[in-house]
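Here are some exercises to work through with the structure open beside you. Try each task before you read its solution.

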Amino acid sequence: MAIPRRTLLKTAAAASLAAPSIASAQAGAGRVVVIGGGFAGATAARTLQTLEPKLAVTLVEPNRVYTSCPFSNGVLAALWEISQQRFGYDGVVKTGVTLAQTAATAIDAAAKTVTLADGNKLSYDRLVMSPGIDIDWTALPGYDEAAAQKMPHAWKAGDQTVLLRQQLQNMEDGGLVVMSSPANPFRCPPGPYERASLITYWLKIWKPKSKLLILDAKDTFSKQRLFQNAWAQLYPGMIEWVPLSKGGKVVSVDPATLTLTTEFGRHKAAVANVIPPQKAGAIAQQAGVADRSGWCPVEPVAFESTLRPGIHVLGDAAIMGGMPKSAFAANAQAKVCAAAIVDLLAGRKPVDPILINTCFSLVAADYGISIAGVYRPDKGQLVEVPGSGGASPLDVVGGYRGQEALYASSWFKTITAETFG
Amino acid sequence: MMRRLLLPALASGLWLAGAAGGQAADAPPGASSCTGCHAAQRIPDSVIPRIAGRKAGDIVQFMREYRSGAWPSSVMGRIAKGFDDQQIDAIATWFAAQPE
């Protein structure tokens with residue numbers, strides 16, 4: 001059989017480029033790269049490696065430790081320290097995952113490669129992207145990275161959390177704390193209101209003449225009646241919430257004077273916490289998995305991008321239908337995705353998953369509330385199972401709120417162990 | 001009493017206890033989400049009960065009573081309402097086969 005020389009050369013070149021892939025496919029495994037070591041990414045890497053030890057799993061994460069956003073509002077209220085929010089990757093590496101301690105700078109979805117900031121290039125059979133959020137620095141006039149040093153967002157936990165806590169501690173009693181909350185979607189829907197609660201819990205003890213104002217770009221929010229009932233009961237007269245319809249939307253900020261301007265007026269803060277509009281982490285835009293909304297559409301079974309086949313997007317960066325952007329959801333999605341990728345690499349069709357989300361919020365140190373949901377794929381989207389889920393009851397007896405606060409702290413210990421090992 | 005419960009899923013279920021860590025590939029739909037609160041590993045000072053290695057009949061009974069409201073709960077009643085009997089049986093059987 002005569003094969004034209006040019007074709008033979010091309011075939012040989014293709015075979016040598018693809019050699020590692022063919023070799024690992026023959027071994028019944030494959031190469032998976034995971035970008036981003038948060039609740040989704042660290043879980044995905046560990047679960048993939050545990051489910052299929054023959055897989056070559058690489059986790060790309062530039063930071064040596066992860067600082068958890070869940071429970072970081074407790075750091076603001078001095079309930080615990082930022083050190084208790086930090087988790088390393090030893091438990092991920094222990095499962096056999098290779099840790100690439102650098103950033104991903106470019107993705108070529110056609111060639112199935114990831115370029116790293118250290119100059120290396122990784123080839124993959126499947127790519128998992130869990131880049132979390134980036135602040136949309138173009139969305140709020142006056143709010144740039146320099147402004148965030150005066151008016152911290154603290155929506156990525158770490159230095160920003162510590163800065164906001166210091167500002168609160170330095171504030172004189174009687175000062176006005178102003179928070180702004182963005183329109184949907186954003187990371188952790190109940191988060192701004194838990195934060196308002198816990199800051200006020202701390203103010204009530206240490207600076208009781210102070211007040212907190214929430215300027216909101218929405219007319220409703222997660223667990224709204226539970227929060228508002230608790231505020232009336234625990235912090236009467238201390239928290240004011242201004243919804244969109246009453247002029248709550250912040251349209252610009254001035255970091256020099258700590259002023260937040262809404263459609264209806266100006267508010268000068270003693271401490272300003274601007275929670276700005278967000279979008280999927282920048283690498284998602286570069287990879288072409290984010291749409292014009294700034295977030296990443298995925299199918300609801302393996303969470304594969306509907307824009308770039310072979311790339312799965314998890315956690316806060318993804319559009320997950322009815323599922324909120326939470327750490328619990330990210331961890332649950334990662335476990336489903338890992339099992340689906342093992343199936344796909346073995347030539348099996350993943351089964352339709354069921355996912356649970358549970359979010360606890362603390363309104364005070366010993367007062368917890370929760371929301372839960374059960375989700376399954378339906379017509380190309382994750383939708384809540386009818387009749388399931390919902391928030392804590394408005395009227396409770398006995399130690400219900402205290403019990404949910406205990407569940408919250410147990411959940412945090414559990415989810416961080418589940419994620420980081 | 002609960003030991004006497006013999007469920008179809010238990011009778012027919014032949015589950016391979018796979019990789020440790022509550023992450024076996026044969027986990028039925030929904031099971032992997034449970035470990036967000038009910039971890040495979042032991043969590044010191046957690047008030048959330050472990051379910052790995054518990055008897056399947058016990059897990060099924062709790063889930064049904066949470067779902068009906070017969071047994072009081074906080075989040076579990078709301079979560080149990082998202083699962084039918086067959087799904088609960090499969091999840092319970094799988095957790096029963098995990099290391100305690």
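**Exercise 1: Two residues, two settings**

Asp159(A) is partly exposed, because 13 other C-beta atoms lie within 10 Å. The cut-offs are these: 20 or more other C-beta atoms within 10 Å of a residue's own make it buried, 12 or fewer make it exposed, and anything in between is partly exposed, with C-beta atoms placed from the backbone. Before going on, note that this is a predicted model, where local features need pLDDT of at least 70, side-chain atom pairs count only at pLDDT 80 or more, and totals for chains, interfaces and linings use all residues. Residues are numbered from 1 along each chain as its sequence is written, while chains are lettered from A and ligands numbered from 1 in the order in which they are written.

*Task.* Place Asp159(A) in its helix, then work out whether Ala45(A) is buried or exposed.

*Solution.*
- Step 1. Asp159(A) sits in helix α7 of chain A, residues 159–170. Helices (H or I, at least four residues) and strands (E, at least two) are DSSP runs, numbered from the N terminus.
- Step 2. Ile82(A) is 77 residues from Asp159(A) in sequence, yet their C-alpha atoms are 9.1 Å apart in space.
- Step 3. Now turn to Ala45(A), which belongs to helix α3 (residues 39–51) of chain A. Ala45(A) has 34 C-beta neighbours inside 10 Å, so this residue counts as buried.
- Step 4. Setting aside neighbours within four places in sequence, Ala45(A) touches Val34(A), Val57(A), Leu59(A), Val92(A) and Val97(A). Contact here means C-beta atoms, placed from the backbone, within 7 Å.
- Step 5. For a contrast, try Trp231(A): its C-alpha atom is 40 Å from that of Ala45(A), and the two are 186 residues apart along the chain.

**Exercise 2: A four-stranded sheet**

*Task.* In what order do the four strands of the open sheet with β12(A) run, and which strands stand at the edges?

*Solution.*
- Step 1. The order is β13-β12-β11-β17 in chain A, with parallel pairing. Two strands pair if DSSP finds at least two bridges between them.
- Step 2. The edges are β13 (239–242) and β17 (271–274) of chain A; each has a single partner strand, so one side of each has no neighbour in the sheet.
- Step 3. On average, neighbouring strands here are turned by 15° against each other, direction ignored. Axes are lines fitted to C-alpha atoms, for helices over the stretch in contact, and angles run from 0 to 180 degrees between N-to-C directions.
- Step 4. Look inside the sheet: β11 (residues 176–181) and β12 (residues 211–216) of chain A run parallel and are joined by six bridges. Val177(A) has Leu212(A) as its bridge partner in β12(A), and Val177(A) stands opposite Val271(A) in β17(A).
- Step 5. Helix α8 (residues 191–206) of chain A packs on the sheet, touching β11, β12 and β13 of chain A, and its direction makes about 170° with that of β12(A).
- Step 6. Side chains in a regular strand alternate between the two faces of the sheet. In β17(A), Val271(A) and Asn273(A) point one way, Ala272(A) and Val274(A) the other, and all are buried.

**Exercise 3: A five-stranded sheet**

*Task.* Which strands stand at the edges of the open sheet that has five strands?

*Solution.*
- Step 1. Chain A has this parallel sheet in the order β5-β2-β1-β9-β20.
- Step 2. β5 (98–100) and β20 (311–313) of chain A are the edge strands: each has a single partner, so one side is left without a neighbour in the sheet.
- Step 3. From one strand to the next, the twist averages 20°.
- Step 4. β2 (residues 56–60) of chain A pairs with β5(A) in the parallel sense over three bridges; Val60(A) has Ala100(A) as its bridge partner in β5(A).
- Step 5. Helix α11(A) lies across β1 (31–35), β9 (126–129) and β20 of chain A, at about 170° to β9(A).

**Exercise 4: Where the chains touch**

*Task.* How many residues does each chain bring to the contact?

*Solution.*
- Step 1. Chain A brings 38 residues and chain B brings 25 residues.
- Step 2. On the side of chain A that touches chain B, α12(A) gives the largest share, twelve residues.

Notes:
Two residues are in contact if their C-beta atoms, placed from the backbone, lie within 7 Å.
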